[in-house]
Amino acid sequence: MAIQKVGVVGCGLMGSGIAQVSAAAGSQVVVCELATEVLEKGFARIEGSLRKLVSKEKLTATQCEETLARFSKTQKLEDLADCDLVIEAITENLEAKKSLFASLGGICKPEAIFASNTSSFPIEEMATASGRPERFVGLHFFNPVPLMKLVEVIRHEGVSSEVIEEARAFGKAVGKVAILAPDTPGFVVNRLLVPLLLEAVRMVERGDATVEDVDTGMTLGCGHPMGPITLLDYVGLDTTLFIVEGWHARYPDNPLFEPPAVLRSMVKDGKLGRKSGQGFYRWDGDKRA
Ligand SMILES: NC(=O)c1ccc[n+]([C@@H]2O[C@H](COP(=O)([O-])OP(=O)(O)OC[C@H]3O[C@@H](n4cnc5c(N)ncnc54)[C@H](O)[C@@H]3O)[C@@H](O)[C@H]2O)c1
């Protein structure tokens with residue numbers, strides 16, 4: 001089945017990026033959001049991003065207009081009924097995601113593929129809730145979606161190999177390199193990245209090294225574009241804590257998933273990183289103060 005019409009549920013940071021790359025690749029895209037103002041803000045982000053590509057001569061003005069013309073907006077899930085692929089990018093809440101997929105299962109055509117962009121929940125639980133586990137896959141994009149080249153295609157036990165292949169082909173069509181990942185905490189990338197971030201925090205917590213030396217060590221010693229503590233501030237201490245607390249609850253015996261005490265107390269004190277202006281570093285907007 002060729003994927004010609006894509007539904008994207010949630011038009012926040014990730015949903016707007018996924019909608020943008022899908023439309024840029026030639027698909028008709030229906031974007032479904034809860035609130036009109038969020039939908040308009042998401043669209044402003046898409047339009048701004050496309051116009052920036054025109055100013056950088058990476059897209060022609062005609063291509064930009066053609067891409068914008070492929071979008072439609074809605075607040076009703078029923079408008080996704082004839083989509084070939086529906087990608088969920090709503091807030092990270094497992095019950096909300098399961099309930100969404102249960103509704104979509106009753107609305108969308110039987111051959112439609114469902115995908116979740118979750119960062120931390122088991123794909124299989126949502127696949128079961130959708131009533132069509134064989135046509136359900138994880139499609140984990142990275143932020144910012146238009147720039148980041150990777151997508152993880154997450155295979156859970158019940159999915160058909162045909163759907164995995166279609167998901168990989170879709171990833172390639174939207175300009176990404178698709179890797180196959182297991183339905184285990186963090187898939188491939190976050191499974192390696194999150195324990196690294198936590199260990200960096202533990203080093204600082206134990207007084208083994210300063211925040212600055214940990215970051216300098218990993219940028220100059222390993223060629224990472226950003227040190228782990230800066231990255232943690234960038235991602236959000238609350239977001240990372242939320243992810244590891246979920247993993248820790250499911251796998252309490254895995255020491256890699258143990259949330260460091262300092263992370264908990266910083267989140268409790270509202271030190272969330274870049275977004276709150278204070279994390280391990282002080283922030284002035286997008287820049288370290
Ligand atoms: N932010 C990242 O770096 C990142 C990276 C990879 C994956 N993810 C995952 O992508 C998903 C979305 O993250 P985000 O950062 O874009 O969040 P976000 O808060 O920016 O956007 C989520 C949007 O979903 C909307 N929404 C919530 N419930 C809805 C519903 N039932 N129907 C329609 N819209 C609904 C909200 O109004 C909001 O605009 C999460 O599962 C997250 O874990 C995030």
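Helices α2 and α3 are a good place to start: their axes come within 9 Å and cross at roughly 165°. An angle over 145 degrees counts as roughly antiparallel, and α2 and α3 are therefore roughly antiparallel to each other. Keep in mind as you look around that this is a predicted model. The points below go from this helix pair to two others, then to the ligand, the domains and two backbone details.

**Helices α2 and α3**

- The crossing in which α2 passes α3 is right-handed.
- On the α2 side, the contact is made by E47, L50, R51 and V54, and on the α3 side by A61, C64, T67 and L68.
- Sorted by class, the residues of this contact between α2 and α3 are five nonpolar, one polar and two charged.
- To find the pair in the structure, look for residues 36-55 for α2 and 61-69 for α3, with E57 in the loop between them.

**Helices α7 and α9**

- Helix α7 covers residues 189-206 and helix α9 covers residues 228-235; their axes come within 9 Å and cross at roughly 110°.
- How are these two helices arranged? That crossing angle makes α7 roughly perpendicular to α9.
- The crossing of α7 and α9 is left-handed.
- From α7, the residues L196, L197 and A200 meet P228, I229, L231 and L232 of α9.
- By class, the contact of α7 with α9 has seven nonpolar residues, no polar ones and no charged ones.

**Helices α4 and α5**

- The axes of α4 and α5, the latter being residues 123-130, come within 7 Å and cross at roughly 35°.
- Here α4 passes α5 in a right-handed crossing.
- α4 brings L94, K97, K98, F101, A102, L104 and G105 to the meeting, while α5 brings E125, M126, A129 and S130.
- The residues of the contact of α4 with α5 divide into six nonpolar, two polar and three charged.

**Around the ligand**

- Which residues come nearest to the ligand? Of the 23 residues around it, the nearest are G10, G12, M14, S119 and N143.
- Two elements, α1 (13-24) and α4 (94-107), give two or more residues to the shell around the ligand.
- Helix α1 gives the most to this shell, with three residues.
- By class, the shell around the ligand has 13 nonpolar, eight polar and two charged residues.

**Domains**

- The protein chain is divided into domain 1, residues 5-182, and domain 2, residues 190-282.
- Taken over C-alpha atoms, the centres of domain 1 and domain 2 are separated by 28 Å.

**Two backbone details worth finding**

- Some background helps here: most residues other than glycine have a negative phi, and most peptide bonds are trans.
- E57 is not a glycine, yet it has a positive phi of about 60°.
- You can find E57 in the loop between α2 and α3.
- Is the peptide bond from N143 to P144 cis or trans? This bond is cis, with omega near -5°.
- P144 is found in the loop between β6 (136-141) and β7 (150-155).
- N143 also appears among the residues that come nearest to the ligand.

Notes
Residues are numbered from 1 along each chain as its sequence is written. This is a predicted model: local features need pLDDT of at least 70, side-chain atom pairs count only at pLDDT 80 or more; totals for chains, interfaces and linings use all residues. Axes are lines fitted to C-alpha atoms, for helices over the stretch in contact, and angles run from 0 to 180 degrees between N-to-C directions. Helices (H or I, at least four residues) and strands (E, at least two) are DSSP runs, numbered from the N terminus. Angles under 35 degrees count as roughly parallel, over 145 as roughly antiparallel, 65 to 115 as roughly perpendicular and the rest as oblique. A crossing is left-handed if the near helix is turned anticlockwise from the far one by less than a right angle, and right-handed if clockwise. Two residues are in contact if their C-beta atoms, placed from the backbone, lie within 7 Å. Ala, Val, Leu, Ile, Met, Phe, Trp, Tyr, Cys and Pro count as nonpolar, Asp, Glu, Lys and Arg as charged, and the others, Gly among them, as polar. A residue is near a molecule or strand if its C-beta atom, placed from the backbone, lies within 6 Å of it. Domain bounds come from an automatic or database domain assignment.
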